[in-house]
Amino acid sequence: MGLLNRLVESSTLISRNAEADVYLVDGFLGRPAILKIRVPKGYRDERLDRRLRQMRSYREAVILHRLRDRGLPVPMLYFASLRDGVLIMEYIEGIALAQALSRLELEDAVRYFSILGGVARGMHGAGVIHGDLNLNNILVRDGDLWLIDFGLSYWSDSPKDMAIDLDSLRRSLDSTVPSLAERLFEEFLNSYREGNNYYDEVLRFYSRLRRMGRYYAER
Ligand SMILES: Nc1ncnc2c1ncn2[C@@H]1O[C@H](COP(=O)(O)OP(=O)(O)O)[C@@H](O)[C@H]1O
Ligand SMILES: [Mg+2]
């Protein structure tokens, strides 16, 4: 871990939560980069903890690689040490869509959701469920958009699982910009639908999740 330790020491912590620490490395092979490290959790059995960290880092690495390979807008993976639970990836110089929405013109917001619909379709078509699709895991800058945070992602080609991504995006919209949620989600669906063989089934499951959500919200 000598090299990694040195890298971490010369980096800035930008996010820390239950799952991972995220650092901004100011020069990795001369470029700004993001270092994501899953740190040991004292409350879990040590061996189980290590396996969980390795598995999640592995999944995130493979999925990032696969999506990037397919031309989808995700950070390029620069380096992975699965044993240490460490990923180093391209630094995306953007801001979270959640934050951007408060200052965007409606027209620009609509454009982002149209792009997002196509990206989500491509991701699901590649057999990947994001697992935590919300407005904080979407970064934007100057009309471009990236998906990040594949720590809870998994492989699936089931419309039920795809619907879960749609539902979590919609919930995030509802809580961030309630007055625009309907309009923006509609735009998202319009482009998610294009040439998407799964669309009808995904929507069926999505509607079911929405009804369940409302049922529980009203109780
Ligand atoms: N590739 C990246 N480029 C720029 N910022 C990033 C990148 N990856 C993560 N971040 C920043 O770090 C935060 C946390 O990273 P994330 O991958 O979402 O992990 P988690 O939410 O599981 O802690 C993100 O919300 C974002 O602000
Ligand atoms: Mg996140």
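**Two domains, two open sheets and a ligand shell**

In this predicted model, the centres of domain 1 and domain 2, taken over C-alpha atoms, are separated by 24 Å. The domain assignment of the chain places domain 1 at residues 2–90 and domain 2 at residues 95–218. The two domains touch each other, with 14 residues of domain 1 in contact with 13 residues of domain 2. On the side of domain 1 that touches domain 2, the residues divide by class into eight nonpolar and six charged, with no polar residue among them.

The first sheet to be described is an open one, in which five strands follow the order S1-S2-S3-S5-S4 with antiparallel pairing. Strands S1 and S4 (77–81) stand at the edges of this sheet, and because each has a single partner strand, one side of each is left without a neighbour in the sheet. On average, and with direction ignored, neighbouring strands of this sheet are turned by 20° against each other. As a general point, the strands of a sheet pair through backbone hydrogen bonds, and the pairing may be either parallel or antiparallel.

Two of the pairings in the five-stranded sheet can be followed residue by residue. Strand S1 pairs with strand S2 (residues 21–28) in the antiparallel sense over five bridges, and the two strands are joined by a hairpin through four residues. Within this pair, Ser 11 stands opposite Val 25 in S2. Strands S3 and S5, which also run antiparallel, are joined by five bridges, and here Lys 36 stands opposite Leu 87 in S5.

A further open sheet consists of three strands in the order S6-S8-S9, again with antiparallel pairing. Its edge strands are S6 (95–96) and S9 (144–147), each of which pairs on one side only. Strands S6 and S8 are paired in the antiparallel sense over two bridges, whereas S8 (residues 138–141) and S9 are paired in the antiparallel sense over four bridges. The residue Leu 139 links the description of the two pairings: Ala 96 stands opposite Leu 139 in S8, and Leu 139 in turn stands opposite Trp 146 in S9. Also between S8 and S9, the bridge partner of Ile 138 is Leu 147. Helix H4 (residues 106–125) lies across S8 and S9, and this helix runs at about 40° to S9.

The backbone departs from the usual pattern at two aspartate residues. In general, most residues other than glycine have a negative phi. Asp 142, however, has a positive phi near 45° in the hairpin of S8 and S9, where two residues lie between the strands. Asp 142 counts as exposed, because its C-beta atom has 6 others within 10 Å, and a residue is called exposed when that number is 12 or fewer. Asp 149 likewise has a positive phi, near 65°, and its place is in the loop between S9 and strand S10 (154–155). In contrast to the exposed Asp 142, Asp 149 counts as buried, because it has 23 C-beta neighbours inside 10 Å and the threshold for a buried residue is 20 or more.

Asp 149 also belongs to the surroundings of ligand 1. This ligand is surrounded by 18 residues, of which the closest are Ser 15, Val 22, Pro 75, Ile 92 and Asp 149. The shell around ligand 1 draws on both domains, with at least three residues from each of domain 1 and domain 2. Among the elements of secondary structure, strand S1 (11–16), strand S3 (31–37) and strand S5 (86–90) each supply at least two residues of this shell. By class, the residues of the shell divide into nine nonpolar, five polar and four charged.

A last position to be considered is Tyr 198, which lies in the loop between helix H6 (181–193) and helix H7 (199–218). Tyr 198 counts as partly exposed, because it has 18 C-beta neighbours inside 10 Å, a number that falls between the limits of 12 or fewer for exposed residues and 20 or more for buried ones. When its neighbours within four places in sequence are left aside, Tyr 198 is in contact with His 124, Pro 159 and Met 162. Tyr 198 and Gly 125 are 73 residues apart in sequence, while their C-alpha atoms are 8.8 Å apart in space.

How values were computed
Residues numbered from 1 in each chain as written. Chains lettered and ligands numbered in written order. Predicted model: local features only at pLDDT ≥ 70, side-chain atom pairs only at ≥ 80, totals over all residues. Contact = placed C-beta atoms within 7 Å. Near = placed C-beta within 6 Å. Nonpolar A, V, L, I, M, F, W, Y, C, P; charged D, E, K, R; others polar. Domains from an automatic or database assignment. Pairing = 2+ DSSP bridges. Axes fitted to C-alpha atoms, helices over the stretch in contact; angles between N-to-C directions.
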